[in-house]
Each structure stands twice: as C-alpha cells, then as structure tokens.
Amino acid sequence: FVATLAAALVGSLIGLVSGYFQGWIDSGLMRGVDTLMAFPYMLLALAIVAAFGPGLLNTLFAIALVNVPFFTITVRGATISLVKREFILAARLGGASHFDVLSRELLPNILPFIVVTISTTAGWMILETAGLSFLGLGAQPPTADLGLMLGEGRKLLFTAPHVSTLPGLVILILVISLNLLGDGVRDVL
C-alpha cells in the first residue's frame with residue numbers, strides 16, 4: 001500500500017501538471033513517462049531491484065516507479081478534459097494562481113479518478129511485490145512476506161502442500177477483494 005500511495009502521489013502530480021500546462025511541459029513530462037512504459041514493467045522492476053539489491057524497500061521503490069505511468073496517464077487524461085471547462089476559465093480570469101487552480105479547482109474534481117486507480121492498482125502491485133519476493137528479490141528472511149512464504153513453500157510442495165497453498169490463497173483472496181473494492185468505489189464515484 002505504501003508503494004501504491006507513492007506511485008499515486010508522484011504519478012498524479014506529473015499528470016496534473018502535464019495536463020494543466022500542456023505545450024512543451026506536457027511533451028517533456030510525457031516523454032519521460034513514455035520511456036518508462038517502453039519497457040515491460042515487471043522486467044523493469046526486476047532490473048531496478050537487481051541494480052539496488054534485494055530487499056523490501058528496494059522492491060517497493062521499483063514497484064512504485066514502474067506504476068507511476070498508470071497514474072500519470074489517468075490523471076493527465078482527466079485533467080485535459082477539465083482544463084477548458086468554464087469553472088477553470090473563470091478561476092483563471094478571477095486572478096487565481098496556477099497553484100490555486102490546480103489545488104482548488106482541478107484536484108477535487110480529479111480525486112475520484114485517483115481513488116479508483118489506487119483501488120484497482122493496489123491488487124496488481126501486491127502481485128508484483130509477491131512475484132519479486134517469490135524470486136528472492138523482495139523481502140529477505142526473517143521478514144514475513146507472502147511471496148517469500150510461497151517461494152519457500154515450493155520446496156515442500158509434495159511433503160507439506162499447505163505451506164505454499166495458504167500464502168497463495170491469501171494472495172488470491174486479497175487481490176480479488178481489492179479488485180472488488182475498486183469496482184465498488186468506481187460505481188459509487
């Protein structure tokens with residue numbers, strides 16, 4: 001969840017600024033996002049963790065970084081659809097600064113998009129973190145991690161199948177629950 005919130009914060013900020021200012025600022029920021037998206041996100045996360053070394057913090061950093069583009073694109077699209085609306089033009093004509101327009105006019109209207117993206121992306125990020133831990137690049141013993149438990153239980157699959165089955169079921173239930181929560185939040189908002 002920390003990685004999800006970090007990706008949401010950074011990606012939403014980039015998307016908000018990019019969609020609001022447009023022009024060369026939008027082009028520059030979106031080229032950086034396009035560069036991140038040019039690589040398969042799991043492969044990029046593997047490369048980042050391999051470069052910085054295995055560990056939970058490095059895994060969270062890598063997962064957050066590779067998911068920033070999803071938030072950026074969502075928020076940028078919503079911002080572009082609102083920038084030419086009358087209430088934004090009225091705020092600009094009323095003398096509001098760029099920061100005021102971004103924080104008081106755009107952000108409250110874009111917040112539902114951010115919340116829905118957080119709730120639907122959290123499940124994927126749990127799967128990504130568990131996958132890196134399963135490969136031995138995430139959390140290291142004695143830290144408890146579902147992917148690490150799943151990886152260590154793989155050795156005992158034939159003698160004690162519950163050791164790997166239970167963490168797998170917890171991951172499954174957690175991800176499905178978060179996806180259903182995301183669908184519910186989307187329907188409400």
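These are legends for a set of close-up views of one predicted model.

**Figure 1. The whole chain is built from helices.**
Start with the overall picture: the protein has eight helices and zero strands. Reading from the N terminus, the elements go α-α-α-α-α-α-α-α. Taken along the principal axes, the C-alpha atoms fill a box of roughly 70 × 35 × 25 Å. Of the 189 residues, 37% are buried. If you take the contacts between residues at least 6 apart in sequence, 69% of them link residues at least 24 apart.

**Figure 2. Here is the largest nonpolar core, a set of 16 residues.**
Look for Ala7, Ala45, Ile63 and Leu132, the members that touch the most others in this core. Four helices each put in at least two residues: α1 (2-21), α3 (41-52), α4 (56-83) and α6 (98-134). Helix α4 gives the largest share, with six residues. There's also a second, separate core of 13 residues, and Ala78, Leu106, Ile110 and Ile114 are among them.

**Figure 3. Zoom in on Leu132 and the residues around it.**
Which residues does Leu132 contact, once its neighbours within four places in sequence are left aside? The list runs Met42, Ala45, Leu46, Val49, Thr59, Ile63, Leu137 and Gly138. Two of the names here, Ala45 and Ile63, turn up again beside Leu132 among the core residues that touch the most other members.

**Figure 4. Helix α3 has a buried side and a face turned away from it.**
This helix has 12 residues and spans 17 Å from its first C-alpha to its last, close to the 16 Å expected at 1.5 Å a residue. Its buried residues are Leu44, Ala45, Ile48 and Val49. They sit on the same side of α3 because they cover an arc of only 130° around the axis. Packed against these buried residues you'll find α2 (23-37), α4 and α6. Now check the face turned away from the buried side: Leu43, Ala50 and Ala51 are the exposed residues there. Just after the helix comes Gly53, with a positive phi near 100°.

**Figure 5. Tyr20 and Phe21 make an aromatic pair.**
A search of the whole structure turns up three aromatic pairs. In this one, the rings of Tyr20 and Phe21 are 4.8 Å centre to centre with 80° between the planes, an edge-to-face arrangement. Are the two partners buried or partly exposed? Tyr20 is buried, with a relative accessible area of 4%, while Phe21 is partly exposed at 33%.

**Figure 6. Tyr41 and Phe70 form an aromatic pair between two helices.**
The ring centres are 6.2 Å apart and the planes meet at 85°, so Tyr41 and Phe70 are an edge-to-face pair. Tyr41 belongs to helix α3 and Phe70 to helix α4, so the pair ties together parts that are 29 residues apart in sequence. Tyr41 is partly exposed, with a relative accessible area of 34%. Phe70 is partly exposed as well, at 35% relative accessibility.

**Figure 7. Helix α7 comes with a cap at its N-terminal end.**
The cap is Asp145: one of its side-chain oxygens lies 3.1 Å from the backbone nitrogen of Gly147. Gly147 is also one of the buried residues of α7 (residues 146-153), together with Leu148, Gly151 and Gly153. What do the buried residues of α7 pack against? They pack against α6 and α8 (162-188).

**Figure 8. Thr4 is a threonine in helix α1.**
Thr4 counts as buried, since its relative accessibility is 3% and the cut-off for buried is under 20%. Not counting residues up to four places away in sequence, Thr4 touches Phe71, Ile118, Ala122 and Met125.

**Figure 9. Thr74 is a threonine in helix α4.**
Thr74 has a relative accessibility of 29%, so it counts as partly exposed. Leaving out residues up to four places away in sequence, Thr74 touches Phe113 and Thr117. Trp24 is 50 residues from Thr74 along the chain, and the C-alpha atoms of the two are separated by 19 Å.

Terms used:
Residues are numbered from 1 along each chain as its sequence is written. Side-chain values use heavy atoms; hydrogens and water are left out. A nonpolar core is a set of buried Ala, Val, Leu, Ile, Met, Phe, Trp, Tyr and Cys residues joined through side-chain atoms within 4.5 Å. Buried means under 20% relative accessible area, exposed over 50%, partly exposed in between (1.4 Å probe, protein chains only). Contact means heavy atoms within 4.5 Å. A polar contact is a pair of N or O atoms within 3.5 Å; within protein, one must be able to donate a hydrogen and the other to accept it, and residues adjacent in sequence count only if both atoms are side-chain atoms. The expected span of a helix is 1.5 Å times one less than its number of residues. The arc is that of the directions from the helix axis to the C-beta atoms. Rings of Phe, Tyr and Trp (its six-membered ring) pair if their centres lie within 6.5 Å; planes under 30 degrees apart count as stacked, over 60 as edge-to-face and the rest as tilted.
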